[in-house]
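Me: I would like to go through a structure by asking how each label is earned. Please keep the replies short.

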Amino acid sequence: MMDFITPSLVNSAVQAMTPILLATLAGVLCGRVGVFNMAMEGQLLVGAFAAVVGSYFLGSAFGGVAIAIGATVIFSLVLAYGATIFRGDSVVICIGMNLLASGLTAYLLRQMFGVSGTFSDPGVVGLDKIRIDAINATPWIGWIFSRQTAITWASWLLVAIVTVVMFRTPVGLRLRGVGEDASAAESMGVDVMRYRIVTVLVAGALTGLGGAQLSLGTVDIFSEDMSAGRGWIAVVAVMLGRNHPLWASLACVLFGVADSLSVRLQGQGLPNQLTDVVPYVVTLAALAISHRRPLKGAFVETITAHT
Amino acid sequence: MSAASARRLLRIPAVPLAILIGVLLGALLILASGRNPLTAYSAILVGALAPENLPDTLNWAVPLVGMTLVAALPLRGGMVNLGGDGQLVVGALVAALVPLYLPAPGPVAAVAVILAAMLAAGAYASLAARGETRFGIPMLISSLLLSYPAVGIASYVVGFPLRDTTTGLAQTVMIPASVRLPAITGPLNIGLFLMAAVGAAVVFFDRRTVAGYELRMRGLNARFAGYGGVRLASQTVRIMFASGAIAGLVGAIIVLGSQYRYQDGALVTPGYTWSGLMAALLAGGEPLAAIGAGAFFAALQTGGFAMQRETAIPRVLTMVLQAIIILFLAIRHGVGRRSS
């Protein structure tokens with residue numbers, strides 16, 4: 001078993017997990033204020049595209065990250081206002097946003113760069129990998145943190161920050177109050193709408209950061225629909241973690257392990273069509289185990305288009 | 001004056017207004033990329049509705065309207081089936097493989113193949129329903145997550161063990177000519193009639209049957225329907241089975257009617273599932289309106305091909321238009337919001 005887990009495997013798992021982790025944090029934040037966000041798939045895609053655009057035209061990876069965050073926040077306005085002030089159904093809005101992201105990035109890819117499918121150009125500046133020799137030499141810690149981007153470092157820091165803010169500050173208390181009982185929060189003088197809007201936008205910034213990691217973290221390219229289900233995995237991580245940032249992050253680690261397992265199986269000669277399935281099967285199994293409960297009567301709580 | 005004109009604006013029915021907004025925003029997008037929106041839109045209109053192009057539009061509408069019904073049926077009861085891709089692939093794969101091993105005369109075999117495809121896809125969809133009723137996984141998630149293994153495994157099956165090794169592509173061996181669906185004219189085959197019959201059946205189910213009434217009641221208020229004696233769990237499984245079976249039929253029609261084999265990616269790439277879902281949402285799950293919305297999106301997309309040919313504006317623009325229409329309706333008119 002030990003020769004199965006190699007430093008490079010751990011390293012690539014952590015690297016691959018970063019966008020999912022950031023999207024999961026975004027989903028947790030939205031879930032806590034009572035907005036069901038399943039648009040992370042589209043938000044990651046917008047972030048990834050904007051990062052490549054920014055990096056290409058500004059000539060710097062940092063510029064790309066800034067544009068990615070900005071664009072994704074703007075994109076998130078649809079959910080922020082649509083699900084609050086306009087009282088739209090968040091499931092429908094999120095489905096629309098995911099398709100808009102997929103269509104719009106594909107359209108702009110063709111119009112701005114004249115290519116379809118994948119855009120790769122030496123002008124796209126990727127993110128630097130951080131090397132700290134003292135850390136790299138340590139087993140495990142070094143495996144995880146050697147040669148990772150600043151965004152990967154930031155993502156784990158953000159898990160801690162979100163946890164502390166949510167459970168140890170007055171802002172976090174109000175935030176949780178808005179999600180648990182909006183009318184009670186309202187009567188305590190909390191501006192529910194404003195909390196929801198700002199939270200969804202902050203979540204958009206986080207997902208934009210994740211999108212930047214997706215396109216500028218390793219490959220320095222943008223390809224159509226490159227979020228490839230990561231946003232949906234994040235939705236599941238939020239559900240598995242029951243809107244708790246630490247538990248949801250743990251769920252992300254599970255997917256990271258499953259993902260690197262599939263890479264590993266591919267290395268053993270299994271075709272990638274089969275190994276690609278592994279993370280989703282693990283996800284389903286984890287959901288089935290964690291949600292398993294006896295049915296009480298005929299009632300089944302459902303997320304429907306009409307809630 | 002401005003208040004009066006604003007009131008008049010509000011009186012435009014929601015769906016045409018949403019389409020108008022979509023068309024206007026799309027025009028801005030075309031203008032921003034330095035093209036003429038009028039030429040683009042006229043290319044779409046001609047490409048979709050000119051008499052010589054109508055068969056193409058209808059041919060594209062068969063799977064799209066089919067996947068619209070797949071989404072609309074559960075939506076009528078307030079459920080969302082996001083697993084259309086997986087169910088479509090299961091149905092198509094069964095339809096492509098069964099004829100290779102089934103020794104039966106043509107028409108009998110064709111009927112058996114279609115039923116097998118519907119059964120398999122329906123069973124796969126009811127798996128997602130059981131995920132909700134048995135394990136408490138929201139069907140929204142279980143149906144979507146089940147799509148990925150289906151697509152992946154189908155891709156493996158046609159790529160390796162059952163690949164047609166005489167071609168360089170990941171696809172199965174061609175099905176015998178005897179089970180293929182007879183053509184009507186041009187690209188059209190009798191799959192069109194099959195889909196029309198299914199559409200009529202869904203409309204009839206929705207309006208004239210007890211089960212259809214129970215489903216609508218659930219859509220209005222699931223709790224009330226439950227207290228009224230509707231067995232929600234088994235209803236979920238049954239409706240999802242029916243929804244998946246329609247997806248299986250769509251897959252069978254594509255395989256038996258136009259491609260004559262299972263080609264990797266040929267079912268998922270056109271995005272029938274998601275366009276169908278959007279059409280169903282546009283109609284709020286009402287079957288007849290959903291069929292109309294599906295046909296509208298099919299015309300839009302067929303016109304998109306013509307636009308891309310003639311003006312070099314990418315046809316993904318039509319997908320952007322669809323998304324804008326749905327977003328506008330969801331935000332401005334609360335599509336999917338319970339009217340209370």
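The questions below take the labels one by one and check each against its cut-off.

Me: How do you know how far to trust chain B?
Reply: This is a predicted model. The mean pLDDT of chain B is 90, and 94% of its residues reach 70 or more. Confidence varies along the chain. Among the elements of chain B, helix 1 (residues 2-11) has the lowest mean pLDDT, 56, and helix 8 (residues 191-208) has the highest, 96. For the model as a whole, ipTM is 0.89 and pTM is 0.90.

Me: What makes up the contact between chain A and chain B?
Reply: Chain B gives 52 residues and chain A gives 47 residues. On the side of chain B that touches chain A, the elements that give two or more residues are helix 6 (106-135), helix 7 (139-159), helix 10 (222-227), helix 11 (232-259), helix 12 (272-282) and helix 14 (316-332) of chain B. By class, that side has 35 nonpolar, 12 polar and 5 charged residues.

Me: Why is helix 3 of chain B called oblique to helix 13 of chain B?
Reply: Take the angle. Helix 3 (residues 37-49) and helix 13 (residues 287-311) of chain B pack at about 125 degrees, with their axes 7 Å apart. Roughly perpendicular covers 65 to 115 degrees, and roughly antiparallel needs an angle over 145. The angle fits neither class, so helix 3 of chain B is oblique to helix 13 of chain B. The crossing of these two helices of chain B is right-handed.

Me: What makes the contact of helix 3 of chain B with helix 13 of chain B, by class?
Reply: It has 12 nonpolar, 6 polar and 1 charged residues. Helix 3 of chain B contributes residues including Ala40(B), Ile44(B) and Leu49(B), while helix 13 of chain B contributes residues including Leu300(B), Phe305(B) and Glu310(B).

Me: What describes the packing of helix 1 of chain A and helix 12 of chain A?
Reply: Two packed helices are described by the angle between their axes and the distance between the axes. Helix 1 (residues 7-32) and helix 12 (residues 245-267) of chain A pack at about 145 degrees, with axes 8 Å apart. Their crossing is right-handed. Among the residues that meet are Leu9(A), Met17(A) and Val28(A) in helix 1 of chain A and Cys252(A), Phe255(A) and Arg264(A) in helix 12 of chain A. By class, this contact has 15 nonpolar, 5 polar and 2 charged residues.

Me: Why is helix 11 of chain A called largely enclosed?
Reply: Count its buried residues. In helix 11 (residues 230-240) of chain A, 11 of the 11 residues are buried, so the rest of the structure largely encloses this helix. Among them are Arg230(A), Trp232(A) and Leu240(A). The buried residues pack against helix 1, helix 2 (40-58), helix 12 and helix 14 (278-291) of chain A, together with helix 7 of chain B.

Me: Is Asn243(A) buried or partly exposed, and how do you know?
Reply: Asn243(A) has 18 C-beta neighbours inside 10 Å. Buried needs 20 or more, and exposed means 12 or fewer. The count falls in between, so Asn243(A) is partly exposed. Asn243(A) sits in the loop between helix 11 and helix 12 of chain A. Its phi is positive, about 65 degrees, although it is not a glycine. Arg242(A), just after helix 11 of chain A, also takes a positive phi, of about 45 degrees.

Me: What makes Tyr260(B) buried?
Reply: The cut-off is 20 or more other C-beta atoms within 10 Å. Tyr260(B) has 21, so it counts as buried. Tyr260(B) lies in the loop between helix 11 and helix 12 of chain B. Tyr260(B) is not a glycine, yet its phi is positive, about 60 degrees.

Me: Why is Tyr107(A) called buried?
Reply: Tyr107(A) has 22 other C-beta atoms within 10 Å. The cut-off is 20 or more, so Tyr107(A) is buried. Tyr107(A) is in helix 4 (residues 90-113) of chain A. Leaving aside neighbours within four places in sequence, Tyr107(A) is in contact with Pro314(B), Val316(B), Leu317(B) and Val320(B).

Me: How do you know that Val33(A) is buried?
Reply: Val33(A) has 26 C-beta neighbours inside 10 Å. Buried needs 20 or more, so Val33(A) qualifies. Val33(A) lies in the loop between helix 1 and helix 2 of chain A. Beyond four places in sequence, Val33(A) touches residues including Leu175(A), Tyr195(A) and Thr199(A).

Key. Residues numbered from 1 in each chain as written. Chains lettered and ligands numbered in written order. Predicted model: local features only at pLDDT ≥ 70, side-chain atom pairs only at ≥ 80, totals over all residues. Contact = placed C-beta atoms within 7 Å. Helix = DSSP H or I, 4+ residues; strand = E, 2+ residues; numbered from the N terminus. Nonpolar A, V, L, I, M, F, W, Y, C, P; charged D, E, K, R; others polar. pLDDT = per-residue confidence, 0-100. Axes fitted to C-alpha atoms, helices over the stretch in contact; angles between N-to-C directions. Parallel < 35°, antiparallel > 145°, perpendicular 65-115°, else oblique. Left-handed = near helix turned anticlockwise from the far one by under 90°.
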